[in-house]
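The report below describes one protein chain, moving from its contacts and overall dimensions to the arrangement of its strands. Please read it with the sequence and the structure at hand.

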Amino acid sequence: MVKFKAVISNPKDGIAKSIEIDEPYSLNLIGKKIGDVIDGSLIGVEYKKLKITGGSDKSGFPMRPDIPGGRKVYILTGKGVGLKTIKGKTKKGYRKRILVRGNTITRDIYQVNMVIIE
């Protein structure tokens, strides 16, 4: 059984709400990528258009839009999603190897972040 936690944010009023997406609707999200625009009726939400902005898997590793596929990979990064900014350590030239997940939603994804665009 595939189950997702969807966090839908509204940029107009700054409110985000969390919903659970169960089996018939959750299968519509598998294979979608970060940046895809979907209709809200596909997941049982009354909003018109939703844009996928990110997510994380069951272990807490974030999804990155620049990594293709749904696999976990180690990347060497200096900024962006997955790298915390620690005071004093994130200076010019600081890079770190981190484990992130690709941009495609698979069965291993736990949370999907979305934003209302219409």
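Among contacts in the chain between residues at least 6 apart in sequence, 56% join residues at least 24 apart. The model is a predicted one, and the values that follow are computed from it. Of the 118 residues of the chain, 34% count as buried, where buried means under 20% relative accessible area. The table collects further values for the chain as a whole.

| Property of the chain | Value |
|---|---|
| Span of the C-alpha trace along its principal axes | about 45 × 35 × 20 Å |
| Accessible surface | about 7,400 Å² |
| Part of the accessible surface belonging to carbon and sulfur atoms | 51% |
| Distance between the mean positions of the 24 positive and 11 negative charges | 14 Å |

The secondary structure comprises one helix and seven strands, which follow one another along the sequence in the pattern β-β-α-β-β-β-β-β. Five strands make up an open sheet with mixed pairing, and their order in that sheet is β2-β1-β7-β4-β3. Because β2 (15-21) and β3 (37-39) stand at the edges and have a single partner strand each, one side of each is left without a neighbour in the sheet. From one strand to the next, the twist averages 35 degrees.

Strands of a sheet pair through backbone hydrogen bonds, and they may do so either parallel or antiparallel. In this sheet, strand β4 (residues 49-57) and strand β7 (residues 109-116) run antiparallel and are joined by seven bridges. Leu-50, for instance, has Ile-116 of β7 as its bridge partner.

Methods
Residues numbered from 1 in each chain as written. Predicted model: local features only at pLDDT ≥ 70, side-chain atom pairs only at ≥ 80, totals over all residues. Heavy atoms only, no water. Pairing = 2+ DSSP bridges. Helix = DSSP H or I, 4+ residues; strand = E, 2+ residues; numbered from the N terminus. Axes fitted to C-alpha atoms, helices over the stretch in contact; angles between N-to-C directions. Buried < 20%, exposed > 50% of the residue type's maximum accessible area, 1.4 Å probe, protein only. Contact = heavy atoms within 4.5 Å. Areas by Shrake-Rupley, 256 points an atom, 1.4 Å probe, with all protein chains shown as cover. Lys, Arg positive; Asp, Glu negative; His and termini not counted. Charge placed at Lys NZ, Arg CZ, Asp CG, Glu CD.
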